[in-house]
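Dear colleague,

Please find below the structure for your records. My notes on what was found in it follow directly after.

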Amino acid sequence: MLHTPIMEEEVWETIKTLPKDKAPGPDGYTGRFYKECWSIIKADVMAAIITLQQGNARGLGLFNAAYITLIPKKADAVLAKDFRPISLVHSFAKLVTKILANRLAPHLNSMVAANQSAFIRGRCIHDNFILVQQTVKVLHRQKVPSLFLKLDISKAFDSVSWAFLLEVLSHLGFGMTWCNMCLIYFIPLPLVSC
């Protein structure tokens, strides 16, 4: 299902879910543009999506640019850690990644372990905190000598090992087409094999 050709209906359904006027990228287009102009642009958009799905990423560099800006996390932000970086990417890249995310979403629950509670619909990261609190209470009542470590994982998402990511995708049974579609925006040409 992940490798089937992306059809016009699937693209249109995705476009309908795009926010109308949120975070335009370097191209200046928002969801409103796609919704209002779909009858005019659909042939070109579909041609571009099909070309990407077939593994042809020539000229993708034009779409693979972004504005990076820093949003302050607090009023008196001074240090780098006081800011949250945000990338304003081209609307076409947003559209393609949203299509891929929509295809993958129904399968995530069975692919991601139950103890991984973030980023999966129906799971809540706060469940981890509740689990830790309950565990501490039980161990305290049983007077069991224990050691708990609180780790700062703020740097956990700063970098990605693409080789490792490809290995994981391959192990999970993702084919070359899917791997290339996912990584095409992040890895310089040539395309990779998975």
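Three residues of helix H1, namely Val-11, Thr-14 and Ile-15, are buried. Because they cover an arc of only 105° around the axis, they lie on the same side of H1. The buried residues of H1 pack against two helices, H2 (31-53) and H3. Please note that the model is a predicted one.

The pairing of H1 with H3 can be described further. The axes of helix H1 (residues 8-17) and helix H3 (residues 91-111) come within 10 Å, crossing at roughly 105°. H1 is therefore roughly perpendicular to H3, since angles of 65 to 115 degrees are classed in that way. On the H1 side, the residues that meet H3 are Glu-10, Val-11, Thr-14, Ile-15 and Thr-17. Their counterparts in H3 are Leu-95, Lys-98, Ile-99, Asn-102 and Arg-103. By character, the residues of this contact between H1 and H3 comprise four nonpolar, three polar and three charged.

As to the chain as a whole, its secondary structure consists of six helices and two strands. Read from the N terminus, the elements follow the order α-α-β-β-α-α-α-α. The chain has 194 residues, of which 24% are buried. When contacts between residues at least 6 apart in sequence are considered, 57% of them join residues at least 24 apart.

Two loop positions may also be of interest to you.

The first position is Asp-82, which is found in the loop between strand E1 (66-72) and strand E2 (83-89). Is Asp-82 buried or exposed? Its relative accessibility is 7%, so Asp-82 counts as buried, the cut-off for that class being under 20%. A polar atom of the Asp-82 side chain lies 3.1 Å from the backbone nitrogen of Val-78. Residues up to four places away in sequence not being counted, Asp-82 touches Ile-71, Pro-72, Lys-73, Lys-74, Asp-76 and Ala-77.

The second position is Val-112, in the loop that runs between H3 and helix H4 (126-141). Val-112 has a relative accessible area of 25% and is therefore partly exposed, a class that lies between 20% and 50%. Apart from its neighbours within four places in sequence, Val-112 is in contact with Ile-120 and Arg-123.

With kind regards

Key
Residues numbered from 1 in each chain as written. Predicted model: local features only at pLDDT ≥ 70, side-chain atom pairs only at ≥ 80, totals over all residues. Heavy atoms only, no water. Helix = DSSP H or I, 4+ residues; strand = E, 2+ residues; numbered from the N terminus. Buried < 20%, exposed > 50% of the residue type's maximum accessible area, 1.4 Å probe, protein only. Polar contact = N/O pair within 3.5 Å; in protein donor to acceptor, adjacent residues only side chain to side chain. Contact = heavy atoms within 4.5 Å. Axes fitted to C-alpha atoms, helices over the stretch in contact; angles between N-to-C directions. Parallel < 35°, antiparallel > 145°, perpendicular 65-115°, else oblique. Nonpolar A, V, L, I, M, F, W, Y, C, P; charged D, E, K, R; others polar. Arc of directions from axis to C-beta.
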